[in-house]
Number of protein chains: 2
Amino acid sequence: MTEVVEDPISPEQDLGSDGAVDAGIYQQILQDILEGRLTANERLKVRALAERYGTSTNPIREALQQLRGEGFVLFTANRGARVRPIDEDFARDIYEVEAQIEPYLTSWFVGIATNDDIRRLELVQDEIEALGFDDPLRHSELDTQFHQIIYDGHYNRHAADLWWRHREILRAIARRFPYSMVRRKEIISEHRQIIEKIRLQDAAGAAEVVRMHIMGSGRHIVEHMRSARIRKL
Amino acid sequence: MTEVVEDPISPEQDLGSDGAVDAGIYQQILQDILEGRLTANERLKVRALAERYGTSTNPIREALQQLRGEGFVLFTANRGARVRPIDEDFARDIYEVEAQIEPYLTSWFVGIATNDDIRRLELVQDEIEALGFDDPLRHSELDTQFHQIIYDGHYNRHAADLWWRHREILRAIARRFPYSMVRRKEIISEHRQIIEKIRLQDAAGAAEVVRMHIMGSGRHIVEHMRSARIRKL
DNA sequence: AGTTGACAGATAATGTACGATCTGGAAAGT
DNA sequence: ACTTTCCAGATCGTACATTATCTGTCAACT
């Protein structure tokens with residue numbers, strides 16, 4: 001699809017009004033990797049990319065270096081860059097790390113959450129349930145928003161950034177797959193439980209539910225990936 | 001003895017003390033940031049850096065982009081890069097994340113550790129205690145080695161990489177400060193406890209000790225930073 | 001004949017040089 | 001004192017040079 005809906009989420013990206021096809025070479029390459037247009041282990045030749053994105057080689061080289069720093073691209077000396085395979089192992093690695101970090105972020109939030117915060121969570125959750133899962137993109141946005149309410153004000157910016165980056169990756173992968181019926185019910189139930197634990201100011205309980213939530217979501221994704229991979233053989 | 005200083009630390013880094021071996025512009029800049037030779041918020045002008053490291057501008061630009069991806073430098077459009085301040089908040093953010101990740105890494109290790117692994121841990125720990133804390137650099141190496149034994153074989157490479165990066169940062173900061181007497185005793189005690197929990201195959205126990213270990217170490221560093229900052233006023 | 005190894009050309013990464021464009025601030029003008 | 005103009009300095013993009021790696025051919029050897 002050419003309908004690249006600018007993600008309504010990304011924190012500081014201001015995206016210059018309309019067209020502005022530029023949007024940064026970096027952003028474009030990253031999207032192409034996450035959406036699978038640049039496939040696993042594919043070689044990233046600077047001249048070809050320069051052609052593709054309508055620029056010269058230096059911006060490409062710099063974007064690739066940035067992506068290298070973020071771990072999306074692998075370099076070999078004198079042999080250039082290739083796309084880091086985003087396979088099941090990688091997805092598992094990420095959600096297991098998230099299963100450690102998000103409970104930590106959440107339990108702090110419990111201590112500072114106001115009634116207003118809880119109301120906002122409920123509003124988002126209401127919308128999620130009202131929407132059903134028919135519009136996956138919209139659901140993904142709302143789900144991100146739900147967790148963002150919890151993590152955004154955290155004093156640990158490093159952890160929050162980490163969360164955001166990981167989320168971006170998982171979201172891009174998950175976009176390829178539908179939610180099972182079971183998973184849908186779990187998501188709703190777990191979100192409600194999270195809200196409830198926050199309301200009760202039960203930090204440990206909230207952390208535990210979040211951990212379950214992440215693990216369940218992660219397993220769901222990995223199972224889909226495995227299934228899709230096997231189907232291809 | 002095995003006094004072969006086989007650089008047990010950095011995976012591929014050469015670091016020939018004063019040989020000024022190239023070692024990559026990236027490594028040099030990173031070291032200069034971590035060691036404080038490039039100070040917080042200092043502007044990183046490509047021309048100046050090119051001069052400094054004896055190369056031309058492109059390698060500098062690419063190294064800076066990589067560092068940007070890793071979060072060590074910040075960019076502003078059309079105004080280039082500056083050093084990300086590595087202050088107390090940043091250090092705290094990092095060690096709190098580590099306090100989540102390292103217990104997770106450790107508890108898995110407990111399940112696969114062999115007698116040989118335990119012996120290696122004990123050997124390193126023996127050396128740490130034999131050395132005392134007189135040679136801070138050597139101690140830092142050994143301490144890193146100790147934890148590396150535990151994390152290096154982990155299946156979650158992403159988490160292990162994260163650990164390594166965080167460790168590098170904290171190590172560079174900690175280098176500036178001495179260990180208090182209390183802290184020395186704690187370190188030794190905690191290491192011994194970790195070994196013991198591993199031997200007993202008590203994953204939860206090991207994880208908990210590690211968490212304490214990280215938190216203690218982190219607080220120690222932050223207190224030093226605070227003290228040093230206040231002293232400067 | 002088939003395999004191996006070395007050489008040459010092609011291809012692409014890495015480094016250097018330069019011009020276009022943007023920013024910030026000093027100097028000139030009101 | 002407050003704009004406005006202008007310029008020095010730096011970033012960002014383009015073009016080119018150098019160096020390393022890959023590929024295919026051909027000769028030498030088993």
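**Fold, charges and salt bridges in the predicted model**

In chain A, nine helices and three strands are found. The structure described here is a predicted model. Read from the N terminus, the elements of chain A follow the order α-β-α-α-β-β-α-α-α-α-α-α. The radius of gyration of chain A is 19 Å, and the globule rule gives 17 Å for 233 residues; the two values are close, so chain A is as compact as a globular protein of that length. The C-alpha trace of chain A spans about 55 × 45 × 35 Å along its principal axes.

Of the 233 residues in chain A, 46% are buried. Contacts in chain A between residues at least 6 apart in sequence were also examined, and 69% of them join residues at least 24 apart. The area exposed by chain A is about 12000 Å², of which 51% is supplied by carbon and sulfur atoms. Chain A carries 32 positive and 39 negative charges, and the mean positions of the two sets are 7 Å apart.

One positively charged residue, A:Arg84, is buried but has no salt bridge. A:Arg84 is placed in the loop that runs between strand S3 (80-83) and helix H4 (88-112) of chain A. For A:Arg84, the nearest side chain of opposite charge is B:Asp161, at 5.1 Å. A salt bridge requires a side-chain nitrogen of Lys or Arg within 4 Å of a carboxyl oxygen of Asp or Glu. When neighbours within four places in sequence are left aside, A:Arg84 is in contact with A:Gly71, A:Phe72, A:Val73, A:Leu74 and A:Phe90.

Over all chains, the structure holds 45 salt bridges. One of these joins A:Arg119 and A:Asp116, whose closest N and O atoms are 3.7 Å apart. Both residues belong to helix H5 (residues 115-131) of chain A, where A:Arg119 and A:Asp116 are three residues apart, or about one turn of the helix. A:Arg119 has a relative accessibility of 47% and therefore counts as partly exposed. A:Asp116 is likewise partly exposed, with a relative accessible area of 43%.

A second salt bridge is formed by the side chains of A:Glu129 and A:Arg192, with an N to O distance of 2.8 Å. A:Glu129 lies in helix H5 of chain A and A:Arg192 in helix H8 (residues 181-199) of chain A, so this pair ties together parts that are 63 residues apart in sequence. Both partners count as partly exposed: A:Glu129 has a relative accessibility of 31%, and A:Arg192 has one of 29%.

In chain B, a salt bridge links B:Arg226 with B:Glu88, and the closest N and O atoms of this pair are 3.6 Å apart. B:Arg226 is part of helix H9 (residues 203-232) of chain B, while B:Glu88 is part of helix H4 (residues 88-112) of chain B, so the pair ties together parts that are 138 residues apart in sequence. B:Arg226 counts as partly exposed at 33% relative accessibility. B:Glu88, at 11% relative accessibility, counts as buried. In chain A, A:Glu88, A:Glu223, A:Arg226 and A:Arg229 are joined into one network by salt bridges that share partners.

Conventions. Residues are numbered from 1 along each chain as its sequence is written. Chains are lettered from A and ligands numbered from 1 in the order in which they are written. This is a predicted model: local features need pLDDT of at least 70, side-chain atom pairs count only at pLDDT 80 or more; totals for chains, interfaces and linings use all residues. Side-chain values use heavy atoms; hydrogens and water are left out. Helices (H or I, at least four residues) and strands (E, at least two) are DSSP runs, numbered from the N terminus. The radius of gyration is taken over C-alpha atoms; the globule rule is 2.2 Å times the number of residues to the power 0.38. Buried means under 20% relative accessible area, exposed over 50%, partly exposed in between (1.4 Å probe, protein chains only). Contact means heavy atoms within 4.5 Å. Accessible areas come from the Shrake-Rupley method with a 1.4 Å probe; for residues, only the protein chains shown count as cover. Lys and Arg count as positive and Asp and Glu as negative; His and the chain ends are not counted. The place of a charge is taken as NZ of Lys, CZ of Arg, CG of Asp or CD of Glu.
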